Amino acid sequence: MEQSEKQAITAASEELSHHFKTLIHQQDLDSLKQLQHIILGRLQDSNAVLSHFNDYSENCFAEVSSDLSKNTRLLKSMKSDLDYIFLKLRSLKAKIKATYPDAFPDDSTIEALDRRPDLEIAQ
């Protein structure tokens, strides 16, 4: 690139920057800078609060996680116990029904005997 081309580019960029400077008042730029600093401060404060909250949440989870896993194991054990109980109840019911066929009413008899209102139907 020749020296004259460099000078032409420099002159053109200076002219362009001068036009940009005349488009915006210095007072407007200063107020924009001030607003940006205010927003930056608020974002930094928010970031600090969120970091503190994350640390607090991590500590709380560490305290609760052992109880949570213990209770989860307990619930799984209770579910398997209940499944076994209901399986035994179904087999006992089948044996009783085989021995005494009239021991358990059928669906039509249940509807006749059960006169309680259905609370799930909107009235």
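**A tour of a three-helix chain**

Begin by selecting Phe20, which is exposed with a relative accessible area of 51%, where exposed means over 50%, buried under 20% and partly exposed in between, with a 1.4 Å probe and protein chains only. Phe20 has its place in helix 1, helices (H or I, at least four residues) and strands (E, at least two) being DSSP runs numbered from the N terminus.

Before going on, note that this is a predicted model, in which local features need pLDDT of at least 70 and side-chain atom pairs count only at pLDDT 80 or more, while totals for chains, interfaces and linings use all residues. Residues are numbered from 1 along each chain as its sequence is written, and side-chain values use heavy atoms, with hydrogens and water left out.

**The whole chain**

Now show the full chain, whose secondary structure comes to three helices and zero strands, following the pattern α-α-α along the sequence. Buried residues account for 0% of its 123 residues. The accessible surface is about 12000 Å², with 60% of that belonging to carbon and sulfur atoms; accessible areas come from the Shrake-Rupley method with a 1.4 Å probe, and for residues only the protein chains shown count as cover.

Colour next by pLDDT, the predictor's confidence in each residue from 0 to 100. The chain has a mean pLDDT of 87, and 86% of its residues reach 70 or more. Among the elements, helix 2 has the highest mean, 94, whereas helix 3 (residues 107-113) has the lowest, 61. Where pLDDT is low, the predicted coordinates should not be read in detail.

**The nonpolar patch**

Select Leu16, Phe20, Leu23, Ile24, Leu29, Leu32, Leu35 and Ile38 together, and you have a nonpolar surface patch of about 770 Å². Patches are made of residues with over 30% relative accessible area and no salt bridge, with nonpolar side chains (Val, Leu, Ile, Met, Phe, Trp, Tyr) joined within 5 Å and like charges within 9 Å. Helix 1 (3-23) and helix 2 (26-99) each supply at least two of the patch residues, and the largest share, four residues, comes from helix 2.

**Polar pairs in helix 1**

Stay in helix 1 and pick His19, which counts as partly exposed at 42% relative accessibility. A polar contact of 2.9 Å joins the side chains of His19 and Glu15; such a contact is a pair of N or O atoms within 3.5 Å, where within protein one must be able to donate a hydrogen and the other to accept it, and residues adjacent in sequence count only if both atoms are side-chain atoms.

Move then to Thr10, also found in helix 1 and partly exposed, with a relative accessible area of 40%. Its side chain reaches the backbone oxygen of Lys6 at 2.8 Å.

**The salt bridge**

Finish in helix 2 with Lys79 and Asp83, which lie four residues apart, about one turn of the helix. Their side chains meet in a salt bridge at 3.0 Å, N to O, the term requiring a side-chain nitrogen of Lys or Arg within 4 Å of a carboxyl oxygen of Asp or Glu. A search of the whole structure finds one salt bridge. Lys79 counts as exposed at 52% relative accessibility, whereas Asp83 is partly exposed, with a relative accessible area of 40%.
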